[in-house]
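Please find below my note on this entry, arranged as numbered points to be read beside the coordinates.

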Amino acid sequence: MTMAEASKELISKEHTPAVEKRIKEEQTLERGTINGGVYALYANGVIVSRQKIKIPAGESSRHLVLPVAMVNEPTSIQFIGDIQANVQSLTNGSVSFKFDPSSSDRTVEVIVSGL
């Protein structure tokens with residue numbers, strides 16, 4: 001089952017009272033880890049994917065497969081860390097970006113949200 005099918009199923013199915021209470025409190029249908037990253041699927045259909053990556057010194061571009069694919073499309077991307085990136089492509093399952101190389105290794109968190 002793809003993430004798109006799973007999220008559609010989670011959004012449409014009826015939940016137990018305990019799950020309904022948690023959904024009302026947290027507005028989160030599911031959280032998980034996959035492919036070295038984490039994701040959260042919220043009750044309104046938004047998916048937020050977070051992944052930390054290590055960028056070696058001298059590297060100036062990266063193609064990153066997201067930990068979970070967006071059902072329809074990604075709507076925003078954020079980079080946290082010592083980087084100013086230019087997004088070259090953003091699909092429902094990956095992102096390619098370019099940035100200025102550094103003389104030292106660095107760790108960057110990439111956050112993608114979408115529907």
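**Sheet, first strand and core**

1. In this predicted model, five strands form an open sheet in the order β1-β2-β3-β8-β5, and their pairing is antiparallel. The edges of this sheet are held by β1 and by β5, the latter spanning 74-80, since each of these strands pairs on one side only. Averaged over the sheet and with direction ignored, neighbouring strands are turned by 15° against each other.

2. At the β1 edge, the strand pairs with β2 (residues 37-42) through six bridges, and the two run antiparallel. Within this pairing, T33 has V38 of β2 as its bridge partner.

3. T28 belongs to strand β1, which covers residues 28-34. Is T28 buried or exposed? Its relative accessible area is 0%, and because buried means under 20%, T28 counts as buried. The side chain of T28 also makes a polar contact of 3.4 Å with the side chain of R31.

4. Turning to the interior, the largest nonpolar core comprises 19 residues, and those with the most contacts inside it are I53, I83, F97, V108 and V110. At least two residues of this core come from each of β2, β3 (47-55), β7 (94-99) and β8 (106-114).

5. I53 deserves a separate look. Once its neighbours within four places in sequence are left aside, I53 is in contact with R62, L64, F97, R106, T107, V108 and V110. Among these partners, F97, V108 and V110 are also listed, together with I53, as residues with the most contacts inside the largest nonpolar core.

How values were computed: Residues are numbered from 1 along each chain as its sequence is written. This is a predicted model: local features need pLDDT of at least 70, side-chain atom pairs count only at pLDDT 80 or more; totals for chains, interfaces and linings use all residues. Side-chain values use heavy atoms; hydrogens and water are left out. Helices (H or I, at least four residues) and strands (E, at least two) are DSSP runs, numbered from the N terminus. Buried means under 20% relative accessible area, exposed over 50%, partly exposed in between (1.4 Å probe, protein chains only). A polar contact is a pair of N or O atoms within 3.5 Å; within protein, one must be able to donate a hydrogen and the other to accept it, and residues adjacent in sequence count only if both atoms are side-chain atoms. Two strands pair if DSSP finds at least two bridges between them. Axes are lines fitted to C-alpha atoms, for helices over the stretch in contact, and angles run from 0 to 180 degrees between N-to-C directions. A nonpolar core is a set of buried Ala, Val, Leu, Ile, Met, Phe, Trp, Tyr and Cys residues joined through side-chain atoms within 4.5 Å. Contact means heavy atoms within 4.5 Å.
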